[in-house]
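Q: Could you take a close look at one part of this model for me? I'd like to hear how the pieces there fit together.

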Amino acid sequence: MKHLIIIMPFILLTACASQKPVELSPPQEYAPAIEVRNVPDEVRIVEVPKVLALQGQLKELSEARPDKKLTPVQAVTRAHQKALWQPGEGRYFNAIQNYPFTKGALYQLYAAPGHVTDVSLEPGESLQSVSAGDTVRWVIGDTISGSGAMAQVHILVKPIEAGLATNLVIITDRRSYHLELKSLEKTYMAALGWSYPHSEIRKLKQQNILARAGQNSSVSSDLNLDELNFAYTITGDTPDWRPFRAFDDGQKVYIEFPGDIATGEAPPLFVLGSKGQVELVNYRMRGHYYVVDRLFRAAELRLGEDPQQKVRIFRKTGKQTRKQKRGRK
């Protein structure tokens, strides 16, 4: 038993020493994974909003050109009347009067004693100042609802008696609002707000920017990872634009280049036939990928002349793949 105990460690050490060390493949340069977030689809803007004609400006041409010259006071009065927006039944959303915002317009607000009218601004708009012509008989305050980018400023208006009239000017970081205030005995507006056509266009443009950024950050949004085939070999020269890898999904081939490929000259792709002849193929650049519309056995990227840089891409056959797997065992 003593001899057996001594011999067994020696046998184990001999067996371990006879095994060949595992050959590690040289490290490759891999592109970092990119988190793909759900972004809205790109939209096509068909019309840009135009400056709205105010209610008092929609008159016959003959009425818009008076025969006699107006005095300064009459000119001010007429301009005031033309620029004034009155509440309309078609512009109500529940109890909120929704005016279309137009620079230079006046907006009518009707209030009543014992009631508060809520004047709401655009979400994200920052209040700079509020000024009223009569701050003795009108109570003016402000507050904020929501938080962050959706914080919304509210101006609260309340008269102390009926039969009052004054004006209110609201200055924000985006625009200025001009309101005409009148107090009635019983009738009042519960809430007042605006629609912003130019802001809607700006949001759509920002949506398009996000959509394009999402398209450029990923090669495709509908790839099935279980069906991807990475059995491709890249050989040839080593220019700065040499692709990292190539793979296919059974229908299309994706060739991944360095992230700065779009800033330089992109090499043309040539697909090689069974006899080495050049074949036409449709492909396009998406982000830093070439997306080839069909599978190929071999392809070549060429750029420049004398000397011309060439990088070849080969798709491994089933035999080559099985042979490589046996060599790794």
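A: Let's start with S176, which sits in strand 10, residues 176-183. Keep in mind that this is a predicted model. S176 counts as partly exposed because its relative accessibility is 32%. If you skip the neighbours within four places in sequence, S176 is in contact with F101, I170 and I171. L127 is 49 residues away from S176 along the chain, and the two C-alpha atoms are 9.9 Å apart.

Now for a sheet elsewhere in the chain. Four strands make up an open sheet, in the order 13-14-18-17, with antiparallel pairing. Strand 13 and strand 17 (283-286) are the edge strands, each pairing on one side only. On average, neighbouring strands of this sheet are turned by 20 degrees against each other, ignoring direction.

Zooming in on the strand 13 end: strand 13 covers residues 245-248, and both of its faces are covered. R245 and F247 are buried on one side, while A246 and D248 are buried on the other. That back-and-forth fits a general pattern: side chains in a regular strand alternate between the two faces of the sheet.

Strand 13 pairs with strand 14 (residues 253-256) over 4 bridges, in the antiparallel sense. One of the matched pairs is F247 with Y254 in strand 14. The two strands form a hairpin with 4 residues between them, and G250 in that turn has a positive phi of about 95 degrees.

Moving along the sheet, strand 14 also pairs with strand 18 (residues 289-292), again antiparallel and over 4 bridges. Here E256 has Y289 in strand 18 as its bridge partner.

How values were computed: Residues are numbered from 1 along each chain as its sequence is written. This is a predicted model: local features need pLDDT of at least 70, side-chain atom pairs count only at pLDDT 80 or more; totals for chains, interfaces and linings use all residues. Side-chain values use heavy atoms; hydrogens and water are left out. Buried means under 20% relative accessible area, exposed over 50%, partly exposed in between (1.4 Å probe, protein chains only). Contact means heavy atoms within 4.5 Å. Two strands pair if DSSP finds at least two bridges between them. Axes are lines fitted to C-alpha atoms, for helices over the stretch in contact, and angles run from 0 to 180 degrees between N-to-C directions.
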